[in-house]
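Visitor: I would like a close look at one enclosed space in this model and at what surrounds it. Please take it step by step.

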Amino acid sequence: MIRIIKLSTNSKEYISKYFDILNKMEEDMQAVTLEQDIARHFIFTMIAHHNGGLLMADNVLKFTTNPEVEELALSLVDSASKAIDKLSPLLEKCEQVENDKRDLSLYKRGYDDIFNKMVERLETTEASNNVNADFLSQMIAHHQSGVAFMVNLLRFDICDALRENVSQQIQEQNAELEKMMLLQRKLSKNIFN
């Protein structure tokens, strides 16, 4: 049975902006071509991914009245900004590596699989009149995809600085995921969230 919900003006505005951000993130990630260097592809696509997450968190700040969601969103904006700031210099710091065709193919296959699953999840998260719940579902899917992109990267030959950065990012993203899932459970118990 299909459930049809009449969305409030606030929810419509939030969802509309969310899809604008999502579409831009997808376009920016797809615009990056994989040539000979897995690390460069990852850095450019992950900058676009982090920027999308930053904008999604910034979007909910315009609509939420929940102090815990607001605190989380502000934290996510800050962490995404820092992640971008740490990734950008690695383009110069890590000298280009020509990965072999087998690794390029395996990386791309893993990347495409994660990307397609991410898009499907982010495009089909249920819209409701609860912006907080919608945001948490969307951001959890976004972060889980980010971690999957990072785990995929670590299977291949990349510079030590990027490997260290990504390993740290996985820990940070997993800690943020725990906070989001905890808040999601807390809000699901409260009717007035």
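Guide: What follows covers the largest cavity, one residue of its lining, and then the largest pocket. The model is a predicted one. It holds three cavities of 30 Å³ or more, and the largest cavity contains about 70 Å³ of space. Its lining consists of His 50, Gly 53, Leu 54, Leu 76, Ser 79, Ala 80, Met 139, His 142, His 143, Gln 173 and Glu 176. Two or more of these residues come from each of α2 (38-61), α3 (67-87), α6 (131-153) and α7. By class, the lining of the largest cavity has six polar residues, four nonpolar ones and one charged one.

Gln 173 is a convenient residue to follow from here. It sits in helix α7, which spans residues 160-189. With a relative accessible area of 5%, Gln 173 counts as buried, because that value is under the 20% cut-off. Leaving aside residues up to four places away in sequence, Gln 173 is in contact with His 50, His 143, Gly 146, Val 147 and Met 150. His 50 and His 143 also appear in the lining of the largest cavity.

The largest pocket is a separate entry, with about 210 Å³ of space. Glu 68, Glu 71, Leu 72, Ser 75, Leu 76, Glu 176, Lys 179, Leu 182, Leu 183 and Lys 186 line this pocket. Helices α3 and α7 each supply at least two of those residues. The pocket lining divides into five charged, four nonpolar and one polar. Leu 76 and Glu 176 are listed for the pocket and also for the largest cavity.

Technical notes: Residues numbered from 1 in each chain as written. Predicted model: local features only at pLDDT ≥ 70, side-chain atom pairs only at ≥ 80, totals over all residues. Heavy atoms only, no water. Helix = DSSP H or I, 4+ residues; strand = E, 2+ residues; numbered from the N terminus. Buried < 20%, exposed > 50% of the residue type's maximum accessible area, 1.4 Å probe, protein only. Contact = heavy atoms within 4.5 Å. 1 Å grid on protein atoms, 1.4 Å probe; cavity = no way out; pocket = protein on both sides within 12 Å on 5 of 7 lines; lining within 4 Å. Points joined across faces, edges and corners; volume = space filled by probe spheres on them. Nonpolar A, V, L, I, M, F, W, Y, C, P; charged D, E, K, R; others polar.
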